[in-house]
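Here is a walk through the aromatic side chains of one structure. Keep the rings in view as you read.

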Amino acid sequence: MARRDNDIWWRMAWRNLWRNRRRTAITASALSFGFVAAVLMIALMDGMLEQLVSNGTRVITGQVQIHADDYRPERSMHDTMGGREGLDLAALVGAAGSVEGVTGVAPRAYGGGLISSGDETAGAVLMGIDPRREEGVSRFGTSFVVGGMPGPGEIAIGNAMAGTIGTAPGEEVVVVAPAADGSMGNELFTVSGIFRLGMGGFDDAYVLVELGSLQDLMAMDRSRIHEVAISVDRADQADGVAARVEEAVAGLADSLVVEPWSVFHEQLYFMTSMMGAANAIVAMIIFGMAIFGVANTMLLATFERRREFAVARSLGTSARSIVRIVVCEGLFLGLVSLGAGALLAAPVVVYFHEFPLDLSSFIGTYSFMGSAMQPLMTVEYSWDGPLVSAVALIGTGVASALYPAWRAIRVPPADALASR
Amino acid sequence: MRTEHLWKIYPQDPRPVEAVRGVDLTVWRGEFVAMAGPSGSGKTTMLNLVGGLTRPTRGKVWIEGEEISALSDRRLADLRMHRIGFVFQSYNLLPVLSALENAEFTLLLQGVPAAERRGRVRELFREIGLEGLEDRRPPKLSGGQQQRVAVARAVLGDPALVLADEPTANLDSHTAEALLDVMERLNRTKGTTFVFSTHDPRVMERARRLIRLVDGQIESDHAESG
């Protein structure tokens with residue numbers, strides 16, 4: 001048997017769509033606006049997510065970290081990489097830095113201690129850093145309100161803590177900290193600068209000390225560190241970079257673990273996953289509401305054509321072909337709406353990307369899950385939102401046609417032909 | 001085509017309507033038959049039953065030896081596609097298709113290749129005076145032209161039987177005569193069986209067999225001699 005010409009059903013569906021141009025235009029407009037709303041909402045959510053992840057990882061932690069496998073979660077000062085022997089720090093930093101996608105590598109050591117100025121004392125997290133390398137990973141370097149990064153024998157303090165103990169750049173403070181050999185280390189440091197990250201947990205608790213100076217204070221060999229923080233090109237590629245870094249540093253010490261931010265920023269990752277799911281729900285709600293309106297319109301359109309369906313069936317058209325015509329109409333309606341929606345959405349997204357909504361008149365900078373959030377509603381370019389919305393839009397067109405299609409094949413031909 | 005003790009009863013308040021009541025009828029291949037009778041006599045219901053558009057309450061229908069009353073919807077659609085052609089009073093062309101596309105619709109369903117379809121349609125259009133109107137949509141055709149396209153659609157699939165429900169009812173006398181000429185010629189040249197339901201005296205005059213229905217029953221059945 002010769003091949004059947006299936007394109008007749010497509011042609012009929014397309015022509016049927018334009019029989020009532022005004023109705024089609026109104027229905028397509030509703031779907032197009034739904035598409036624009038979904039794309040914009042998802043883009044705003046993505047913008048917020050990007051800000052959340054970017055601030056959560058670029059301010060201090062980096063997107064990938066290397067530790068000794070038993071360092072987290074207790075963070076004991078004894079659990080340095082390579083054990084008590086330490087490791088070849090230059091080789092480690094060099095190996096990690098050579099991995100594709102890595103943009104910065106910063107070795108760090110941590111300790112806990114007391115910092116005193118005059119009569120005032122406060123507990124502090126002592127963070128030993130290589131100031132030059134830290135510039136490529138964290139934002140400490142650009143967060144100084146006054147002064148700058150610490151050199152040997154110097155210390156930088158968060159603005160909140162500086163206020164608590166009443167010190168300023170150029171003044172001396174005493175730092176007392178338990179050392180790795182069981183003794184108590186104490187040293188006089190000169191304040192090099194006051195930083196302000198805008199995150200309460202850091203500005204009132206962290207102090208930056210030049211790495212070698214902290215190792216000396218804590219009686220640790222210069223080859224001993226607790227952490228290497230790594231920054232990458234794109235936060236969403238951290239998993240792949242972490243795997244490559246793990247390969248690159250594998251031979252340098254036993255029991256090194258390399259983790260992307262999704263592991264060590266578990267809560268942040270959970271939050272971003274939740275927001276991803278929220279995007280899908282937003283699209284579902286918008287298009288779920290549209291389904292009923294579009295289905296109603298299509299039901300009316302198929303009811304008006306029940307006589308035509310009866311004629312087609314009386315000529316031998318199968319129920320399947322009738323369903324195909326109606327569903328194709330839904331598909332075409334979705335595609336037309338998608339075309340119009342894309343033309344509308346593109347300039348809106350570009351505008352809000354270039355000119356973020358500034359909400360600073362209503363709210364100030366705030367800290368959320370360890371991330372300093374700016375009061376800006378930014379829109380992030382991404383294919384995910386448009387793709388999810390496009391699939392939802394086409395799905396809405398097709399799903400809206402299913403019930404009308406079912407009704408169309410339920411028309412008894414003789415009854416429909418008898419009606420005028 | 002044969003019916004045996006055919007009944008169609010529509011459930012309706014306060015009393016069911018007996019549209020067809022125990023009709024026994026045989027129509028032979030190549031006949032040109034008119035079923036006449038007043039409104040409500042059961043003419044259209046008979047055509048619907050014979051065409052498989054509605055199922056009998058009781059009784060049986062055979063088309064070319066196949067009993068169709070118990071066939072599935074899918075088999076009935078197949079039967080209509082291959083063996084039965086329909087012509088309706090109000091033309092019932094599909095408005096989104098051109099005259100040519102409407103006429104070739106049944107051939108398309110049958111899977112006839114495009115080139116052959118188009119050739120057959122154009123040839124028939126020449127015969128029945130529709131040449132040059134192939135690309136017009138139904139609203140751009142006169143009533144007579146639309147009905148000729150409907151006849152073309154009905155006969156192009158080479159059906160054993162064409163059922164025509166008051167095909168001249170909406171046509172002026174000149175156009176009705178021309179249409180009857182077309183159908184009579186197709187009946188003679190192709191041997192297609194035609195069964196009409198009609199009020200139209202012109203159709204009754206042309207028919208070679210006239211069946212009168214009253215209240216769902218055959219009142220008389222006269223075949224022209226010779």
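The paragraphs below take up ring pairs, then a cluster, then charges over rings.

Start with the status of the coordinates: this is a predicted model. Across all chains, the count comes to 15 aromatic pairs. Take A:Tyr403 and A:Trp406 as a worked case. Their ring centres lie 6.1 Å apart, and their planes meet at 20 degrees. Centres within 6.5 Å make a pair, and planes under 30 degrees apart count as stacked. The A:Tyr403 and A:Trp406 pair is therefore stacked.

Where do A:Tyr403 and A:Trp406 sit along chain A? Both belong to helix H13, which covers residues 384-409. They are three residues apart there, so about one helical turn separates them. Are these rings buried or exposed? A:Tyr403 is partly exposed, at 42% relative accessible area. A:Trp406 is partly exposed too, at 43%.

Now turn to chain B. B:Phe86 and B:Phe88 form a stacked aromatic pair. Their centres are 5.9 Å apart, with 5 degrees between the planes. Both B:Phe86 and B:Phe88 are buried.

Back in chain A, aromatic residues also gather in a group. A:Trp10, A:Trp14, A:Trp18 and A:Phe332 make up one aromatic cluster.

Rings can also have a charge over them, as chain B shows twice. Which ring lies under the charged end of B:Arg2? It is the ring of B:Trp62, whose centre is 3.9 Å from that charged end. B:Arg58 places its charged end over the ring of B:Trp7, 4.8 Å from the ring centre.

Methods: Residues are numbered from 1 along each chain as its sequence is written. Chains are lettered from A and ligands numbered from 1 in the order in which they are written. This is a predicted model: local features need pLDDT of at least 70, side-chain atom pairs count only at pLDDT 80 or more; totals for chains, interfaces and linings use all residues. Side-chain values use heavy atoms; hydrogens and water are left out. Rings of Phe, Tyr and Trp (its six-membered ring) pair if their centres lie within 6.5 Å; planes under 30 degrees apart count as stacked, over 60 as edge-to-face and the rest as tilted. Helices (H or I, at least four residues) and strands (E, at least two) are DSSP runs, numbered from the N terminus. Buried means under 20% relative accessible area, exposed over 50%, partly exposed in between (1.4 Å probe, protein chains only). A charge sits over a ring if NZ of Lys or CZ of Arg is within 6 Å of the ring centre and within 35 degrees of the ring normal.
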